[in-house]
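Work through the exercises below with the model open in your viewer. Try each task before reading its solution.

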Amino acid sequence: MKFNRRARLDPSQVSDQRGRPVGRTAAAGGGVGVIVLALIALLTGTNPADLLGDGTSPAVQAEPGAEGELEQECQLVADIEENPDCRFVLYVNSAQDFWDDYFAAAGQRYSPAQTTFFTTAVDTGCGRASSQVGPFYCPGDQNVYLDLGFFDDLRTTYGGPSGMFAEAYVLAHEYGHHIQNLTGQMDRVRSRSGPDSDAVRLELQADCYAGMWAHHATTTADESGQPLISDLTDQDIRDALAAANTVGDDYIQERFQGTVTPESWTHGSSEQRQAWFTVGYRSGDVAACDTFAASSL
């Protein structure tokens, strides 16, 4: 993946709360980490609510230079060379620029979502969440939440890819959930688990939407007409597919509990997730992503 160094970034779309203290209350959210949370609880005998937090854990300790640094240091794509975290601002900007254009072409107005970076735990419109939940989207406040340490875990604990486009895929998936919230797709969920469940169909649709963004990524421009991403390679797409494989329900179950139980799936198998990302990437069309209408996933 190549970035356009001349393009501008919009750090206002990202709230950097790393190092800030959090309050209390339990939480729920949707994202690639939820199945991981459930499996951690299953394997350790832990109550999932304990991973979400109950307000008794120590306040997050501030990281030097963490708070607010993106606002000052991520103005141009070229700034990624000095502060690598600026690349996450680029992913967010690119995804939102794409969906803004897509909605506008349909005569509709896109409502942007904030992305919040945090460490350890965070208070959200869905309650308090631990970083062990993984990246997630909260429809209650229309925010994407991300502890950047997740990507280290994806590579080391789960054996995922190291390429940057794997990171971009994860964020594009979460923005897919935002689109589902805006368009009412989330209201179609009735069945909560199983390989053909509505919950799985929702997640696979978000993967398809991530593929749609990837299809258009190099032609999606900032407000000045400059594309943020100038080139994608076949390796980038392989990295995205490898990440989709790593967060498949069957992959995670096999890796951490030794058996695969499809009746408990909530996000879909590795094969399903890869297939629907590919549908979105090849078509670039939202109509191809109607997983709820698909007779077979």
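**Exercise 1. Two unusual backbone angles**

Is Gln-142 buried, partly exposed or exposed, by its relative accessible area? Place the residue, then do likewise for Thr-120.

Solution. Keep in mind that this is a predicted model.
- Step 1. The relative accessible area of Gln-142 is 26%. Buried would need under 20%, and exposed over 50%. Gln-142 is therefore partly exposed.
- Step 2. Locate Gln-142: the loop between β6 and β7 holds it.
- Step 3. Check the backbone. Most residues other than glycine have a negative phi. Gln-142 is not a glycine, yet its phi is positive, about 55 degrees.
- Step 4. Turn to Thr-120. Its phi is also positive, near 75 degrees. Thr-120 sits in the loop between β3 and β4. Its relative accessibility is 46%, so Thr-120 counts as partly exposed.

**Exercise 2. The open sheet**

Give the strand order of the four-stranded open sheet, and find which strands stand at its edges.

Solution.
- Step 1. Read across the sheet: β2-β3-β7-β6, with mixed pairing.
- Step 2. Look for strands with a single partner. These are β2 (14-16) and β6 (136-138), so each has one side without a neighbour in the sheet.
- Step 3. Take the turn between neighbouring strands. On average it is 25 degrees, direction ignored.
- Step 4. Inspect β3 against β7. Residues 114-117 and residues 143-146 run parallel, joined by four bridges. Within this pair, Thr-116 is bridged to Tyr-145.
- Step 5. Add the helix. α6 (residues 164-183) lies across β3, β6 and β7. Its angle to β6 is about 25 degrees.

**Exercise 3. A hairpin**

How do β4 and β5 run, and how many bridges join them?

Solution.
- Step 1. The two strands are antiparallel, with four bridges between them.
- Step 2. Find one opposed pair: Thr-124 faces Gly-127 of β5.
- Step 3. Count the residues between the strands. There are two, and the strands form a hairpin.

**Exercise 4. Helix α7**

Test the length of α7 against its expected span, then decide how enclosed the helix is.

Solution.
- Step 1. α7 covers residues 198-216, which is 19 residues.
- Step 2. Use 1.5 Å a residue, times one less than the number of residues. The expected span is 27 Å.
- Step 3. Compare. The end C-alpha atoms are 27 Å apart, which agrees.
- Step 4. Examine burial. Of the 19 residues, 17 are buried, so α7 is largely enclosed by the rest of the structure.

**Exercise 5. The nonpolar cores**

Which residues touch the most other members of the largest nonpolar core?

Solution.
- Step 1. The core has 61 residues. Leu-90, Phe-165, Tyr-169 and Trp-213 touch the most other members.
- Step 2. Assign elements. Those giving two or more residues include α4 (86-105), β7, α6 and α7. The largest share, ten residues, is from α4.
- Step 3. Follow one member. Trp-213 touches several residues beyond four places away in sequence, among them Phe-98, Phe-165, Ala-168 and Ile-229.
- Step 4. Look for another core. A set of seven residues lies apart, including Val-133, Phe-136, Cys-138 and Tyr-145.

**Exercise 6. The whole chain**

What share of the chain is buried, and how many helices and strands does it have?

Solution.
- Step 1. Of 297 residues, 52% are buried.
- Step 2. The chain has ten helices and eight strands.
- Step 3. The accessible surface is about 12,400 Å², with 48% from carbon and sulfur atoms.

Conventions. Residues are numbered from 1 along each chain as its sequence is written. This is a predicted model: local features need pLDDT of at least 70, side-chain atom pairs count only at pLDDT 80 or more; totals for chains, interfaces and linings use all residues. Side-chain values use heavy atoms; hydrogens and water are left out. Two strands pair if DSSP finds at least two bridges between them. Axes are lines fitted to C-alpha atoms, for helices over the stretch in contact, and angles run from 0 to 180 degrees between N-to-C directions. Contact means heavy atoms within 4.5 Å. Buried means under 20% relative accessible area, exposed over 50%, partly exposed in between (1.4 Å probe, protein chains only). Accessible areas come from the Shrake-Rupley method with a 1.4 Å probe; for residues, only the protein chains shown count as cover. A nonpolar core is a set of buried Ala, Val, Leu, Ile, Met, Phe, Trp, Tyr and Cys residues joined through side-chain atoms within 4.5 Å.
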